Amino acid sequence: LAQRLAELQGPPKVEAGEQLDPVPAVLEARTRRTQLPSGIALHTLQKQTRGNTVVLQMQLRWGERDATFARNGTGFVGALMDEGSVNTTRQQLQDALIKLRASFNITSYDQGATIFLSAERDTLLPALRVVADVLRQPSFPQAAFDREVKATLASIEASRQEPGVLRQEATRAHYNRARGVTLGHPDYVMSVDERLATVKATTLDDVKRFYADYWSANDAQISVVGALP
C-alpha cells in the first residue's frame, strides 16, 4: 500500500485564468486589430484563461438579400459541415477534434455564416486547419441531409401549439398586408404550412449549389480571445 501511494500522481496542472474587467477601456487596451494579406480583418484579445483555452469566431458575409433569400437550403449548409469533408469521415473529424481538445460549430443563413472554434493555445492552429478543410471541401452526404430535413420538419410540426407561433399565425396576415408583401418576398411572414412546404421542396442539390455559388471568405472577420501566444 505504501508503495502504491508513493507512486500515486495527482491530476495534471491546469493553468489558472485571470479576472478581466469587461469595460470598454480595458477591452480596447487588450485588443489588437490587423488585416491579413487575404483582406480578412483579424481582431485578437489577449487574456489568460483556465487551461490556456482560446475561442475563435469567424464571420462570413456574402450575397444580395433578394437573391440569396430566393435560394432553398441555405441553413442546411452549416448544419451538414460536421459530417466531415471529402478527405475525412464524420468519425475521423470527431477523432481529430478530440485529440486536439477542440470543438467547433457552424451556423449558416442566407447572407453569411458564423463559425465558432474552441481549442487550446497549442492546438488552435491545427484545429483551425481541420475546420478549414471542412469549410473548403464539405462532403454533404445524402443520409445526413435526409436526417436534417426530417428533424427540421418534426421541429416545425411540434411548434404549432407554442404561444409565439400561435401569435404569429394570428397576426401574420395583417403584417403581410400592411407591408404589401407576398410569398417569396424576404419580409413575408410564412405560415407553419408554408415553412413545411419550403423544407419539403428543398433538395441536397439545392444545398450544394448554394454552397458553390456563395460560400467564400471574400468578406470575412475573425475575432480571437484567450491565451494567445
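Helices in these notes are DSSP runs of H or I with at least four residues, strands are E runs of at least two, and both are numbered from the N terminus. With that settled, I went straight to a loop: E83 sits between α4 (74-79) and α5 (90-99). The model I am reading is predicted.

**Entry 1: E83**

I wanted to know whether E83 is buried or exposed. Its relative accessibility is 13%, and buried means under 20%, so E83 counts as buried. Next I listed its contacts, skipping neighbours within four places in sequence. E83 touches T88, T89 and R90, and also S139, P141, A144 and R147.

**Entry 2: the whole chain**

I stepped back to look at the protein chain, which has 10 helices and six strands. Its radius of gyration is 22 Å, whereas a compact globule of 229 residues would have one near 17 Å. Along the principal axes, the C-alpha atoms fill a box of roughly 75 × 50 × 40 Å. Buried residues account for 34% of the 229. I also checked contact range: of the contacts between residues at least 6 apart in sequence, 75% join residues at least 24 apart.

**Entry 3: the sheet**

In what order do the six strands of the sheet lie? I read the order as β1-β2-β6-β3-β5-β4, in an open sheet with mixed pairing. The edges are held by β1 (31-35) and β4 (103-109); each has a single partner strand, so one side of each has no neighbour in the sheet. From one strand to the next, the twist averages 15°.

Then I walked through some of the pairings.

- β1 pairs with β2 (residues 41-46) in the antiparallel sense, over five bridges. R33 has H43 of β2 as its bridge partner.
- Five residues lie between the strands in the hairpin of β1 and β2, and there G39 has a positive phi near 100°.
- β2 and β6 run parallel and are joined by six bridges. Here L42 stands opposite I222 in β6.
- β3 (residues 53-61) and β6 (residues 219-226) run antiparallel, with eight bridges between them. One partnership I noted is L56 with V224 in β6.

What packs on this sheet? I found helix α6 (residues 124-136) there, touching β3, β4, β5 (112-120) and β6. The direction of α6 makes about 150° with that of β5.

**Entry 4: helix α8**

I looked at α8 (residues 163-179) next, a helix of 17 residues. From its first C-alpha to its last it reaches 23 Å, close to the 24 Å expected at 1.5 Å a residue. How big is the kink in α8, and where is it centred? The kink is about 50°, and its centre is T171.

For burial, I noted that V165, R172 and N176 are buried in α8. The buried residues of this helix pack against α9 (192-201). Just after α8 comes G180, where phi is positive, at about 70°.

**Entry 5: positive phi outside glycine**

Two residues caught my eye here, R101 and F140.

R101 has phi near 55°, a positive value in a residue other than glycine. I placed R101 in the loop between α5 and β4. Its relative accessibility is 48%, so R101 counts as partly exposed.

F140 has phi near 50°, again positive in a residue other than glycine. Its place is the loop between α6 and α7 (142-158). Is F140 buried or exposed? At 5% relative accessibility, F140 counts as buried.

Which residues is F140 in contact with, leaving aside neighbours within four places in sequence? My list reads V77, L80, L204, V207, K208 and Y211. I also looked up a C-alpha separation: F140 and F76 are 64 residues apart along the chain, and their C-alpha atoms are separated by 9.6 Å.

**Entry 6: picture so far**

I leave the notebook with two buried loop residues side by side. E83, in the loop between α4 and α5, has P141 among its contacts. F140, in the loop between α6 and α7, has V77 and L80 among its own.

Definitions and conventions: Residues are numbered from 1 along each chain as its sequence is written. This is a predicted model: local features need pLDDT of at least 70, side-chain atom pairs count only at pLDDT 80 or more; totals for chains, interfaces and linings use all residues. Side-chain values use heavy atoms; hydrogens and water are left out. Two strands pair if DSSP finds at least two bridges between them. Axes are lines fitted to C-alpha atoms, for helices over the stretch in contact, and angles run from 0 to 180 degrees between N-to-C directions. Contact means heavy atoms within 4.5 Å. The expected span of a helix is 1.5 Å times one less than its number of residues. The bend at a residue is the angle between axes fitted to the seven residues ending there and the seven starting there. Buried means under 20% relative accessible area, exposed over 50%, partly exposed in between (1.4 Å probe, protein chains only). The radius of gyration is taken over C-alpha atoms; the globule rule is 2.2 Å times the number of residues to the power 0.38.
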